[in-house]
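This report describes a predicted model. It begins with a helix pair, then turns to the contact between chains, and closes with the overall form of one chain.

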Amino acid sequence: MTAAPFLALLLSPILAAAGALVLPPRWRAASVLHAGLGLISLLAALRFVALVLDGWTPTWGATVLFRVDALSALLAACVAFVAALAALLGPRLGPDDHYTPAQVRRFRVFSSLFAFTMLVAVTANNVGVMWIAIEATTIASAVIVPLTVTKASVEASWKYILIGSVGIALAFVGTVLGYFDFVTLVGQREYALNWTVLLANAPVLHPPVIQLAFVFILIGYGTKAGLAPMHTWLPDAHSEAPSALSAMMSGVLLAVALYAIVRWKAVVTAAVGHQFPNRLLIGLGLLSLAIAALSLVIQRQYKRLLAYSSIEHTGLMCLGLALGPLGVFASMLHLVNHTLAKSMMFFASGRILDRYGSPEIGRVSGLLRVMPWTGGLFAAGMIALLGLPPFGMFLSKFALVRAGFADGKGWLMAAVLALLAVAFVSLLAHLNRMLYGPAPAGIRRGESGGWAVVPLVACATMLVVLGIAVPAPITELLDRIVEIAGR
Amino acid sequence: MSPELVSQLSVGGSTLVLLAGLAMLWRRGVRAHIGAFTAQSVALAATTAMVGWFTGDWQLWAVAALLLLIKGVGIPILLARMARRFGTERELEPYVNTATSLLVGGLLVLLAYLVTAPLVSVSQLPTRTGMPLAMGLVFVSLFVIISRKKALTQVLGFLMLENAVALLAVLGTHGIPIIVEIGVFLDVALGFIVMQVFVYQIHETFESIDVEQLNRLRE
């Protein structure tokens, strides 16, 4: 297989970071170059999707360092998509924002590196390299959480880097234990951490060791995925970060951490059967859903609202992974929907924050009259997140619950539906408060930089398409993922 | 070296590494904490070199040298610079007092023996005897991070956690693949540098590095 798509996918963000470092951020050309490189990376990811659908499994590097199967291709496409959006809509593009050139430069450099680390994480074949990349995501993103230094953003960034790094160190304990078991049986091998090799040897691994390894891995990557009770950093970091970074963190970073769990779950399932990992996933998923649903009720800031909603949806995806092949299918479809909806919501909330100058839900009123497009998109995104038709999440939530009933977990699904109802009511109430009512006195009306709305409209359109009928290529991709991850 | 000797040296080295971690619990001063970390890194590098000698694997020698260079010299220098700035901020009132802390530390090491029992029973390597102590340090480091109030102490807890995993890896597997090892070093170094920047930032914004003040973001 040629190296070209790998180079296009992984080198573009590096070039984007280098370009942002040397070019003056005020230059129009610098912005165009930055967005263009994001687009190239996205095209490469879509090329991978096409290759995978044609039956290829592209690999690259010595000892098969990189390998893209259906699961990797889906995640790479999601990551590259949101990264391209962030490059397009990041700081210094909304006319209302207040970032200095130095801040714009810092954002561009580190958000590109952040995208790079996520892309490496989902395309690496070696679980050790995957770990290194996921640890690096914390470092690259934490640097730009306090882009504007305030007490709140400093606090959020500290919690994020400390809890994130400690969590990921525990995932490394799990990785080492997995490797330990392999070495005990087979001896030292350079390629032993390759996912394909681990999976092939999984049936002979020692059950108690691999179970212990999975507990560490689940706690570790679960911390990054925002699963309760390790989620405490998430609402702070997602709400205090610049909105374009929030979109990347919420839209895809959580999915990347979940991806690591899916990979390891396949190994553990092959070693000890699905009952053990499924129980743990159901426990964490349900707890996350419960904590998120109850926290949504009392939120006063809209970005925190979205952050808790991310915990809710990650919990749902985590549950889906434990509900058999149908559940995995639904979970991955939900991941795509969540990526689209949540990144769109954070970009929209960034525009709202710039205009109203306040993160409080109580200070935002008459949104539909002040910013008709942004307000409309915000409402559409919220309705999508609630799981109402005609948006994609209606189908994926429905499929997930149906998978649960089909799997004989009726009581669990009843609890899930009750929690979803709580989340539904509170999100709707908060949305209502923001959309209507009198606009605050003295606020400027009308959209500014209207072209920035176009990509968000595209997101909403894709959500509607996914809500009417899942397109055939996506169904095929998801079917292949189920073959990889779902048993 | 005979396997018996390697086994004893593994336990000896791991004990030193763990003791340095426990020292975090009874010492209060910033400088004492940094000293404990430095000593721990040196003990870890020595243990790694010992395993490298036993297995004749040059990669482990390289890892030991990197450990000594980065964690034994580089990071302690940066830590000492922070100590000059925040040296007066001692752990006067941690969330858990010294006596209780040491008791918890002992219990955590016991727990580590229970947790690692299946590992020790499946492994054939003479170095496996040190694995429970390495796991003990994983738990003790976590306890240091959650029970101490100063940001700098938490950073040290994190660094010790990384040392614990490195020890676990070298004892249990005689070294993870070198490409992964180098990536891990890079991550630790970069992660530490960013944390260090944040500690300065916390000090600038809050005029102290006590994380108890980091309580604005609630609900």
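Helix 5 of chain A packs against helix 10 (residues 243–272) of chain A at an angle of about 160 degrees, and the axes are 12 Å apart. Because angles over 145 degrees count as roughly antiparallel, helix 5 of chain A is roughly antiparallel to helix 10 of chain A. The crossing of helix 5 of chain A and helix 10 of chain A is left-handed.

On the side of helix 5 of chain A, the residues that meet helix 10 of chain A are Val127(A), Met130(A), Ile134(A), Thr137(A), Ser141(A) and Ile144(A). Their counterparts in helix 10 of chain A are Leu245(A), Met249(A), Leu253(A), Val256(A), Ala257(A), Ala260(A) and Arg263(A). By class, the residues of this contact comprise ten nonpolar, two polar and one charged.

Helix 5 of chain A also takes part in the contact between the chains. That contact draws 41 residues from chain A and 38 residues from chain B. On the side of chain A that touches chain B, two or more residues each come from helix 5 (127–144), helix 6 and helix 8 (207–225) of chain A. Helix 6 of chain A supplies the largest share of that side, 20 residues. The table sets out the two contacts by residue class.

| Contact | Nonpolar | Polar | Charged |
|---|---|---|---|
| Helix 5 of chain A with helix 10 of chain A | ten residues | two residues | one residue |
| Side of chain A that touches chain B | 27 residues | eight residues | six residues |

Trp158(A) lies in helix 6 (residues 151–186) of chain A. Is Trp158(A) buried or exposed? Trp158(A) has 26 other C-beta atoms within 10 Å, and because 20 or more suffice for a residue to be buried, Trp158(A) is buried. Leaving aside neighbours within four places in sequence, Trp158(A) is in contact with Ala151(B), Phe198(B), Ile202(B) and Leu214(B). The C-alpha atom of Trp158(A) is separated by 30 Å from that of Val336(A), which is 178 residues apart from Trp158(A) along the chain.

As to overall form, chain A contains 19 helices and two strands. The C-alpha trace of chain A spans about 70 × 55 × 45 Å along its principal axes. The radius of gyration of chain A is 21 Å, which agrees with the value near 23 Å for a compact globule with 487 residues. Of the 487 residues of chain A, 63% count as buried. Among the contacts in chain A with a separation of 6 or more, 79% are between residues 24 or more positions apart.

Key: Residues are numbered from 1 along each chain as its sequence is written. Chains are lettered from A and ligands numbered from 1 in the order in which they are written. This is a predicted model: local features need pLDDT of at least 70, side-chain atom pairs count only at pLDDT 80 or more; totals for chains, interfaces and linings use all residues. Helices (H or I, at least four residues) and strands (E, at least two) are DSSP runs, numbered from the N terminus. The radius of gyration is taken over C-alpha atoms; the globule rule is 2.2 Å times the number of residues to the power 0.38. A residue is buried if 20 or more other C-beta atoms lie within 10 Å of its own, exposed if 12 or fewer, and partly exposed in between; C-beta atoms are placed from the backbone. Two residues are in contact if their C-beta atoms, placed from the backbone, lie within 7 Å. Ala, Val, Leu, Ile, Met, Phe, Trp, Tyr, Cys and Pro count as nonpolar, Asp, Glu, Lys and Arg as charged, and the others, Gly among them, as polar. Axes are lines fitted to C-alpha atoms, for helices over the stretch in contact, and angles run from 0 to 180 degrees between N-to-C directions. Angles under 35 degrees count as roughly parallel, over 145 as roughly antiparallel, 65 to 115 as roughly perpendicular and the rest as oblique. A crossing is left-handed if the near helix is turned anticlockwise from the far one by less than a right angle, and right-handed if clockwise.
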